[in-house]
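This briefing introduces a single protein chain to a reader who has not met it before. Please keep the sequence and the structure in view while reading.

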Amino acid sequence: MAYIACDKHGGQLASLISHKLYQMIEGTEGNSAVGIKTIKYESLGGEQFSMFVDSDTFEELSVAHNIDLAKTITDEEKLFEITLDFVAICPVCLNDWLANRSNVVGDID
Ligand SMILES: [Zn+2]
């Protein structure tokens, strides 16, 4: 997990999200309606992390890595492979956006 310095919220432990979701939050991906899914990871020490991705990326990663992403990932190496292209974002900014995601269809699951 990475540390991120946010202009608005200061230093935070970063959340990881897919590129497409990041572009939507930044406003460069337009207002295309997508579903949002979470990928969950639990470390050996029992720490739990959630990563948010758009549903397209979720499907692509499931196929590419031949894994059921609806289940919690417990393999750190697998997690690394899956999140290689993810983007680090301030968790407060992410939560603000998620709370106001009027342009996003469907519930988070
Ligand atoms: Zn922030």
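The buried residues of helix α2 pack against α1, β4, β5 and α3 (residues 76–82). The model in which this packing is seen is a predicted one. The chain holds four helices and six strands, and their order along the sequence is β-β-β-α-β-β-α-α-β-α.

**Overall composition**

- Of the 109 residues in the chain, 22% are buried.
- Contacts between residues at least 6 apart in sequence were considered for the chain, and 65% of them join residues at least 24 apart.

**The nonpolar core**

- The largest nonpolar core comprises 18 residues.
- Ile 17, Leu 21, Ile 39, Met 51, Phe 52 and Val 53 are the residues with the most contacts inside this core.
- Two or more core residues come from each of β3 (15–17), α1 (19–26), β4 (36–42), β5 (48–54) and α2 (55–64).
- As a general background, nonpolar side chains tend to be buried together in soluble globular proteins.
- Ile 17 is in contact with Tyr 22, Met 51, Phe 52, Val 53, Phe 86, Val 87, Ile 89 and Leu 94, when its neighbours within four places in sequence are left aside.
- Met 51, Phe 52 and Val 53 thus appear among the contacts of Ile 17, and these three residues are also listed with those having the most contacts inside the core.

**Helix α2 and the loop that follows**

- Thr 57, Phe 58 and Leu 61 are the buried residues of α2.
- These buried residues line one face of the helix, because they fall within an arc of 105° when α2 is viewed down its axis.
- The elements against which the buried residues of α2 pack include two strands, β4 and β5.
- Asn 66 follows just after α2 and belongs to the loop between α2 and α3.
- The phi angle of Asn 66 is near 50°, which is a positive value in a residue other than glycine.
- Asn 66 counts as exposed because it has 7 C-beta neighbours inside 10 Å, and the limit for an exposed residue is 12 or fewer.

**The β1–β2 hairpin**

- Strand β1 (residues 3–6) and strand β2 (residues 10–13) run antiparallel and are joined by four bridges.
- The two strands form a hairpin, with three residues between them.
- Within this pairing, Ile 4 stands opposite Gln 12 in β2.
- Gly 10 is part of strand β2, and its 10 C-beta neighbours inside 10 Å are the reason why Gly 10 counts as exposed.
- Gly 10 and Cys 90 are 80 residues apart along the chain, and their C-alpha atoms are separated by 8.8 Å.

**The β4–β5 hairpin and the loop before it**

- Strands β4 and β5 pair in the antiparallel sense, with seven bridges between them.
- These strands also form a hairpin, here with five residues between them.
- Gly 46, in the turn of this hairpin, has a positive phi of about 90°.
- Glu 42 stands opposite Gln 48 in β5.
- Gly 35 lies in the loop between α1 and β4.
- Gly 35 has 15 C-beta neighbours inside 10 Å and therefore counts as partly exposed.
- The C-alpha atoms of Gly 35 and Leu 21 are separated by 9.9 Å, and the two residues are 14 residues apart along the chain.

**Strand β6 and its surroundings**

- Ala 88 is located in strand β6 (residues 87–89).
- Because it has 17 C-beta neighbours inside 10 Å, Ala 88 counts as partly exposed.
- Ala 88 touches Ala 2, Ile 4, Ala 14 and Leu 16, residues up to four places away in sequence not being counted.
- One of these contacts, Ile 4, is the residue that stands opposite Gln 12 in the β1–β2 pairing.
- The C-alpha atoms of Ala 88 and Ile 17 are separated by 6.6 Å, with the two residues 71 residues apart along the chain.

Terms used: Residues are numbered from 1 along each chain as its sequence is written. This is a predicted model: local features need pLDDT of at least 70, side-chain atom pairs count only at pLDDT 80 or more; totals for chains, interfaces and linings use all residues. A residue is buried if 20 or more other C-beta atoms lie within 10 Å of its own, exposed if 12 or fewer, and partly exposed in between; C-beta atoms are placed from the backbone. Two residues are in contact if their C-beta atoms, placed from the backbone, lie within 7 Å. A nonpolar core is a set of buried Ala, Val, Leu, Ile, Met, Phe, Trp, Tyr and Cys residues joined through C-beta atoms within 7 Å. The arc is that of the directions from the helix axis to the C-beta atoms. Two strands pair if DSSP finds at least two bridges between them.
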